Amino acid sequence: MTAQLLDGRVLAKSIREDLKKARQSLGDAPVRLVSIEVGQNPAAAVYVRNQLRAAEDVGIAMEHIHLPVSAGEAELLAAIEERNAHAEVAGVIVQRPLPPGIDPRSVQSAIAPGKDVEGMHPENLGSILYREPALPPCTAAAAQQLILSTGVDLRGAETVVVGHSEIVGKPIAVLLLHHLSTVTVCHVGTRNLADHTRRADIVVVAVGKAGLVHGDMLKEGAIVIDVGINQGADGKIVGDVDFDSVSAVAGHLTPVPGGVGPVTVAMLMRNTLRAAGASV
Ligand code: NAP
């Protein structure tokens, strides 16, 4: 079998078309998204550029603020607090990685839950257990969208999520559970990863280890969502799955780059419009 590529850029474009209509429904007042970065990081620069482009396309006024690398946690929290209090700001995001000495959890908890468009505030993350929240974590929501775009019936489908981080692996598992998929979560304590992945209809890999999943670990025709972003030996960006062997076995596969990443940005824009009051 040769996998059909799940092109995240194409899906993101079609999602943005729906978002443009939702944006229009909010009228002429600007929808403001504030992004805060402490210091300057080349990886963050790529994300910010993609976010700015998507925001402009959809009609969101995104402002990117740089704090000096010397800014401590107190200065960052004060910058967040100022935007929390600003009625015209719909959403606030803080770019990662953060410099040493700043606790990402304190920062995420400082963003007002209603403006937490990355969906990482404990209140938004926690509400995932009850139902799909208004502001789900963007990468988990992106994986869900990509899976749904294949048309698979998730009810009863066996899903294996590899990786159990708070912002990616765990929320993906719970979102798919809401669709009545039978979900297994694998992690560093899993005894034999391939025993699990081989029986899965859907495999989501979110670890950050290039080449973790090979084609011989999969069932023929499986849907494979590769969330990982790693620097390959030749300096190129690669995912967590071995592309050549996996694409020979899988039914659907997300490429890296161009898979989960663009849809994650689209989900950030969707969350921003929701935070501004749009039904989308
Ligand atoms: P993370 O916080 O480092 O979590 C990685 C997870 O993988 C942890 O739960 C870890 O378990 C688990 N793990 C480590 N080694 C493993 C192994 N050999 N087998 C199974 N599980 C293992 O990273 P993250 O934030 O979830 O991100 C995961 C990857 O996705 C990274 O490459 C990141 O860059 C990428 N990412 C992509 C996007 C996008 O938009 N495309 C967005 C976010 C993240 P322990 O904690 O127990 O060690």
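Tutor: In this predicted model, the bounds of a domain come from an automatic or database domain assignment. On that basis the protein chain is divided into domain 1, residues 27-112, and domain 2, residues 137-261.

Student: What distance separates the centres of domain 1 and domain 2?

Tutor: Taken over C-alpha atoms, the centres of the two domains are 28 Å apart.

Student: Why is the pair formed by Val227 and the ligand called a polar contact?

Tutor: A polar contact is a pair of N or O atoms within 3.5 Å. A backbone N or O atom of Val227 lies 3.5 Å from an oxygen atom of the ligand, so the pair meets the limit and is called a polar contact.

Student: What makes Ile229 and Thr264 partners of the ligand in polar contacts?

Tutor: For Ile229, a backbone N or O atom lies 3.0 Å from an oxygen atom of the ligand, whereas for Thr264 an N or O atom of the side chain is 3.1 Å from a ligand oxygen. Both pairs therefore fall within 3.5 Å and count as polar contacts. Taken alone the ligand exposes 920 Å², and the protein buries 67% of that.

Student: Which residues are the closest to the ligand, and how many surround it?

Tutor: The ligand is surrounded by 19 residues, of which Thr139, His164, Ser165, Val188 and Ile229 are the closest. By class, this shell divides into 9 nonpolar, 9 polar and 1 charged. Helix H10, residues 260-275, supplies the largest share of the shell, with 3 residues.

Student: Why can Tyr47, Ile229 and Ile237 be called a nonpolar surface patch?

Tutor: Membership requires over 30% relative accessible area and no salt bridge, with nonpolar side chains joined within 5 Å. Tyr47, Ile229 and Ile237 make such a patch, of about 270 Å², and so these residues satisfy those conditions. Ile229 itself is found in the loop between strand E8 (223-226) and strand E9 (230-231).

Student: How do you know whether the peptide bonds before Pro97 and Pro257 are cis or trans?

Tutor: From Arg96 to Pro97 the bond is cis, with omega near 5 degrees, and the bond joining Val256 and Pro257 is also cis, with omega about 0 degrees. Pro97 is in the loop between strand E4 (89-94) and helix H4 (104-110), while Pro257 lies in the loop between strand E11 (252-253) and H10.

Student: What is the phi value of Leu180?

Tutor: Leu180 has phi near 65 degrees, a positive value in a residue other than glycine, and Leu180 sits in the loop between helix H7 (169-178) and strand E6 (182-186).

Terms used: Residues are numbered from 1 along each chain as its sequence is written. This is a predicted model: local features need pLDDT of at least 70, side-chain atom pairs count only at pLDDT 80 or more; totals for chains, interfaces and linings use all residues. Side-chain values use heavy atoms; hydrogens and water are left out. A residue is near a molecule or strand if one of its heavy atoms lies within 4 Å of it. A polar contact is a pair of N or O atoms within 3.5 Å; within protein, one must be able to donate a hydrogen and the other to accept it, and residues adjacent in sequence count only if both atoms are side-chain atoms. Accessible areas come from the Shrake-Rupley method with a 1.4 Å probe; for residues, only the protein chains shown count as cover. Helices (H or I, at least four residues) and strands (E, at least two) are DSSP runs, numbered from the N terminus. Ala, Val, Leu, Ile, Met, Phe, Trp, Tyr, Cys and Pro count as nonpolar, Asp, Glu, Lys and Arg as charged, and the others, Gly among them, as polar. Patches are made of residues with over 30% relative accessible area and no salt bridge: like charges are joined within 9 Å, nonpolar side chains (Val, Leu, Ile, Met, Phe, Trp, Tyr) within 5 Å. A salt bridge is a side-chain nitrogen of Lys or Arg within 4 Å of a carboxyl oxygen of Asp or Glu.
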